[in-house]
Amino acid sequence: MTPDDLKKTAEIIARARSVISLTGAGISVESGIPPFRGKGSLWETIDPMEFAHIESFLKNPERVWRGFLAGMKDLLDRARPNQGHLGLVALEEMGRLSTIITQNIDGLHQLAGSSDVIEFHGNFAWQRCMTCDTLIPSSDIDLSVLPPRCDCGGLLRPDCVFFGEMIPDLSLSRSRALASTCDVMIVVGTSAVVQPAAMMPVIAKNSGAVVIEVNPEPTPLTHSVSDHFLRGTAGRVLSALVEEIRKILD
Ligand code: APR
């Protein structure tokens with residue numbers, strides 16, 4: 001990322017009518033949550049079809065809780081927002097960002113202070129009973145016995161979207177509507193390989209928006225959809241971008 005790239009993208013965001021962001025696991029890496037793909041990622045050691053697919057969960061909930069979900073809860077309980085999340089909050093406070101569409105289930109955007117977050121894949125902060133549909137805060141569940149159960153005896157599952165499940169209708173329709181009407185989409189920390197989330201930058205681009213991508217590595221979007229590729233980590237790039245935009249707006 002050159003100073004010129006930064007200046008150009010800062011100008012675009014400073015002058016835009018409507019800016020949204022799509023984020024992926026990469027923005028939470030600096031909070032200690034490993035990504036799903038790439039070096040040191042979750043799917044390097046855990047087979048998502050065995051541990052993150054609804055069929056596997058229904059077949060053997062204890063195995064999925066023991067082999068994946070309990071560890072995920074530990075990681076998320078300890079994670080706090082990083083400079084990347086705070087950079088998006090600063091853009092919102094400057095009136096330069098309205099909504100974040102996140103694929104993440106860690107709730108760190110809301111914890112950082114972002115006020116309009118579409119949780120495309122749900123949120124691990126809540127567990128849902130598969131019998132009585134009660135929602136229970138994940139912080140309240142006891143993992144000494146797996147799988148955890150509701151007081152009614154029903155099985156608890158994270159209020160997240162497993163592989164093999166549909167994206168909640170409202171999340172999908174709102175995201176499509178925002179992607180097709182925004183001027184700028186800032187895409188941060190996603191490998192852009194999981195649908196339908198990976199379609200959002202394409203919808204934005206096809207609707208005439210400028211797509212700005214923030215990632216230490218190129219992705220399938222970089223050479224075909226992204227208008228600007230700011231190579232680097234979310235914390236460093238978003239902090240620099242906020243400073244550049246402040247200079248323009250002050
Ligand atoms: N800052 C920004 N981006 C980073 C950083 C960082 N510090 N570290 C890694 N990345 C980038 C990687 O280069 C990669 O492109 O973040 C991306 C992480 O990709 P994935 O792990 O595939 O995460 P994501 O795109 O969100 O996955 C989509 O797949 O398994 C499902 O449900 C899961 O929501 C997830 C979906």
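A backbone N or O atom of A234 sits 2.9 Å from a nitrogen atom of the ligand. The protein buries 90% of the 730 Å² that the ligand exposes when taken alone. The model described here is predicted. Besides the ligand site, the points below cover a parallel sheet of six strands, an antiparallel sheet of three strands, and some backbone features in loops.

**Ligand surroundings**

- The ligand is surrounded by 21 residues, and the closest are F36, R37, T190, S191 and N215.
- Sorted by class, this shell holds nine nonpolar, nine polar and three charged residues.
- F36 offers a polar backbone atom at 2.6 Å from an oxygen atom of the ligand.
- N215 takes part through its side chain, where an N or O atom is 2.7 Å from an oxygen atom of the ligand.
- N215 is also the last residue in the range of strand β8, residues 210–215, and A234 opens the range of helix α10, residues 234–249.

**The six-stranded sheet**

- This sheet is open, its strands follow the order β3-β2-β1-β7-β8-β9, and their pairing is parallel.
- Its edge strands are β3 (117–119) and β9 (228–231), each of which pairs on one side only.
- From one strand to the next, the twist averages 20°.
- Strands β8 and β9 run parallel and are joined by four bridges.
- Within this part of the sheet, E213 has F229 in β9 as its bridge partner.
- Helix α10 lies across β7, β8 and β9, and its direction makes an angle of about 120° with β9.

**The three-stranded sheet**

- The other sheet described here is also open, with antiparallel pairing and the strand order β5-β4-β6.
- Strands β5 (135–137) and β6 (156–160) are at the edges and have a single partner strand each, so one side of each lacks a neighbour in the sheet.
- Neighbouring strands in this sheet are turned against each other by 45° on average, with direction ignored.
- Three bridges connect β4 (residues 122–129) with β5 in the antiparallel sense.
- W126 has P137 in β5 as its bridge partner.
- Helix α5, residues 61–78, lies across β4 and β6 and runs at about 125° to β4.

**Backbone features in loops**

- The peptide bond joining L146 and P147 is cis, with omega about -5°.
- P147 belongs to the loop between β5 and β6, the two edge strands of the three-stranded sheet.
- A cis peptide bond also leads from Q195 to P196, where omega is near 0°.
- P196 is placed in the loop between β7 (184–188) and α9 (200–206).
- D133 has a positive phi, near 70°, and is a residue other than glycine.
- The position of D133 is in the loop between β4 and β5, and these two strands pair in the antiparallel sense.

Technical notes:
Residues numbered from 1 in each chain as written. Predicted model: local features only at pLDDT ≥ 70, side-chain atom pairs only at ≥ 80, totals over all residues. Heavy atoms only, no water. Near = heavy atom within 4 Å. Polar contact = N/O pair within 3.5 Å; in protein donor to acceptor, adjacent residues only side chain to side chain. Areas by Shrake-Rupley, 256 points an atom, 1.4 Å probe, with all protein chains shown as cover. Nonpolar A, V, L, I, M, F, W, Y, C, P; charged D, E, K, R; others polar. Pairing = 2+ DSSP bridges. Axes fitted to C-alpha atoms, helices over the stretch in contact; angles between N-to-C directions. Contact = heavy atoms within 4.5 Å.
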